[in-house]
Structure formats: C-alpha cells, structure tokens
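This report walks through selected features of one protein chain for a reader who is meeting it here. Please look over the sequence and the structure before reading on.

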Amino acid sequence: MNNQIEFYMDYIQRNPYWQFVAVYYDTASGLRPNKRPGYQQMMRDCRKKKIDLILLKSLSRFGRDTLETIEQIRRLRTMNIGVYIETGGLNTMTVSDSIIDQYAALDQAESQSRSENIKFGIRHRMRSGKTLLNHTQFLGYTKGPDSVLQIVPEEAEVVRKIFELYIQGNGVRKIKKYLESHGIKTVTGKTEWSTSTIDRMLSNEKYIGQVLMQKSFTPDYLTGKKEKNSGQLAMYLVENAHEPIIDRETFDRVQERKGHIKHTVQMEWML
C-alpha cells in the first residue's frame, strides 16, 4: 500500500501539467461505498471542483459492481472529471461509453473469478482439516505457533467463570452484571458486556478444543453479506484442534441447560 501511494505521489508531481491534490485509498472491500471513507472523500472533493482527473491502477479499484462503476464514471464526466485507468491506458473523457462498459464488465468478471478461487482454496483447506480462525476477538486464546490457538491464562479464567456461573443457575443477564461489577473487561477492552456475546461463548465449541468451520458463508460476492449456513454448504468439524479451556462434561451440561431453557420459553409462548 505505501509503495503504491509513494509511486502515485511521485508520478503526479513529476508531471509539470498536473497539480497534486491527494491520494485517496481504503483498506476495506471495494464493494460497499459506505465503508470506504477514502472513496467518499474523493467524491466530495470532486463535487467541490478540487479534482479534474482521477488516476487508477485498474477499474476494480474504483468499484467492482459494473452498474455502479459505470454510473459513477458517467456522473463524473458530467462534472468534466476524467478517470485515467493505468491498466489499458484509458481516459474516460476520451473513450466511448461502450469501451468503458466492456472494461467494467471484464473487471467484475475477473473480481468474481478471484473471489471464487479464494473460496475454493479455503474450502479445500477445510476439507483437509486445516483450521481457519480469527483469533483477534476471541476471549481465552491468541495465535500460537503455526497459527494454532494458544491459551491466554488470565482470559481463560474469565471463560471458566462464565461457564461456572451458568451451571450454577445464572442467566446471561446475571453473568453480565457479575462481570461488569467485578471490573472484568471484554476481549476488546470494553467495560460493558453484551448478553448475546456471553450466549455465543457458552455455545462455542472452540472452548473444548474443537473447530466447526463454515458456520456462515457469503452467497453473493457483490453484496459481501454473510448468511448462516443452515445446510446449504458442508460444515467441517476438527477434533483436538487446540488445547481446550472447558472440559467436555461441563460444556455438555451447559448445552443441555440452554436447550431446556429454550424449550421452556417456546412452551410459554405457545401457552
């Protein structure tokens, strides 16, 4: 990223006919403009007449949805603002709409192909039993050698306490009050706990050393929205993936109690 920024700053400043305004970039996906503050700032500066030419490495950096990309480019053209695409050497102010449309469609097809290839690789790793985990917001563990989860002792004590309190008859709201009253912080350092977070922890198989992969999936790469896997795709369970924090007997007792409470609530609603 830094190398690209330096390249474009130097590239623009070396041209005597250009005046450098800014480098706009985002680290998030190019699929959702509302999550791209750099992109949004660039469009605001365009509307303020600060920019008359935008340089891009490829059209996919501008957006991956063909229709949205074409609409934005045409909107910029009405403002007399061109987009120069380095890959292909195209300037949207000097080429026809049909050429832009074709490039946008090709870029979307390439992005979709890359997305499918990545998904294929991930699922192949799942089938082979290689776990894929996000450990950065996972209380009790951190990333150890070879990306295997490693216990964080002080956090593991909090996890055990949550399971213990639940078995003793405390619901998630009481557990929340206990944690907050004792000054115990969440994995992200917050003083306020979410009952839904506690509830998910009590059903997280990773605490007994197992990993169930592909609980959710992204059916449409353009929206990027995840959905719960309710049988649409295969799930993969890896036993003894890492050292457990909770023993199996305790975990099963918690699941049994959670199932009983859920059934009781459903019966009450029916009555």
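In what follows, a residue is called buried under 20% relative accessible area, exposed over 50%, and partly exposed in between, using a 1.4 Å probe and protein chains only. The model is a predicted one, in which local features need pLDDT of at least 70 and side-chain atom pairs count only at pLDDT 80 or more, while totals for chains, interfaces and linings use all residues. Residues are numbered from 1 along each chain as its sequence is written, and side-chain values use heavy atoms, with hydrogens and water left out.

**Two loop residues**

Most residues other than glycine have a negative phi. N80, a residue other than glycine, has a positive phi near 65°, and K49, which is not a glycine either, has a positive phi of about 65°. Helices (H or I, at least four residues) and strands (E, at least two) are DSSP runs, numbered from the N terminus. The table sets out where each of the two residues lies and how accessible it is.

| Residue | Loop | Relative accessible area |
|---|---|---|
| K49 | between α2 (37-47) and β1 (53-56) | 60%, exposed |
| N80 | between α3 (66-78) and β2 (82-85) | 55%, exposed |

**Aromatic rings**

Rings of Phe, Tyr and Trp (for Trp its six-membered ring) pair if their centres lie within 6.5 Å, and planes under 30 degrees apart count as stacked, over 60 as edge-to-face and the rest as tilted. By this rule the count comes to nine aromatic pairs. In one of them, the rings of F7 and Y8 have centres 5.1 Å apart and planes at 85°, so this pair is edge-to-face. The rings of Y8 and Y11, with centres 6.5 Å apart and planes at 85°, are edge-to-face as well. Y8 and Y11 both belong to helix α1 (residues 2-13), where they are three residues apart, about one turn of the helix. Y8 is buried at a relative accessible area of 13%, whereas F7 is partly exposed at 40% and Y11 is partly exposed at 30%.

Elsewhere, F138, Y141, F163, Y207 and F251 form one aromatic cluster. F251 lies in helix α8 (residues 248-270) and counts as buried at 7% relative accessibility. Contact means heavy atoms within 4.5 Å, and, leaving aside neighbours within four places in sequence, F251 is in contact with F163, L202, S203, N204, E205, I208 and I246. Of these partners, S203 is 48 residues from F251 along the chain, yet the C-alpha atoms of the two are separated by 7.9 Å.

**Helices α5 and α6**

How do the axes of helix α5 and helix α6 cross? The axes of α5 (residues 153-167) and α6 (residues 172-181) come within 10 Å and cross at roughly 140°, where axes are lines fitted to C-alpha atoms, for helices over the stretch in contact, and angles run from 0 to 180 degrees between N-to-C directions. The two helices are therefore oblique to each other, since angles under 35 degrees count as roughly parallel, over 145 as roughly antiparallel, 65 to 115 as roughly perpendicular and the rest as oblique. In their contact, V158, K161, I162, L165 and Y166 in α5 meet I175, Y178 and L179 in α6.
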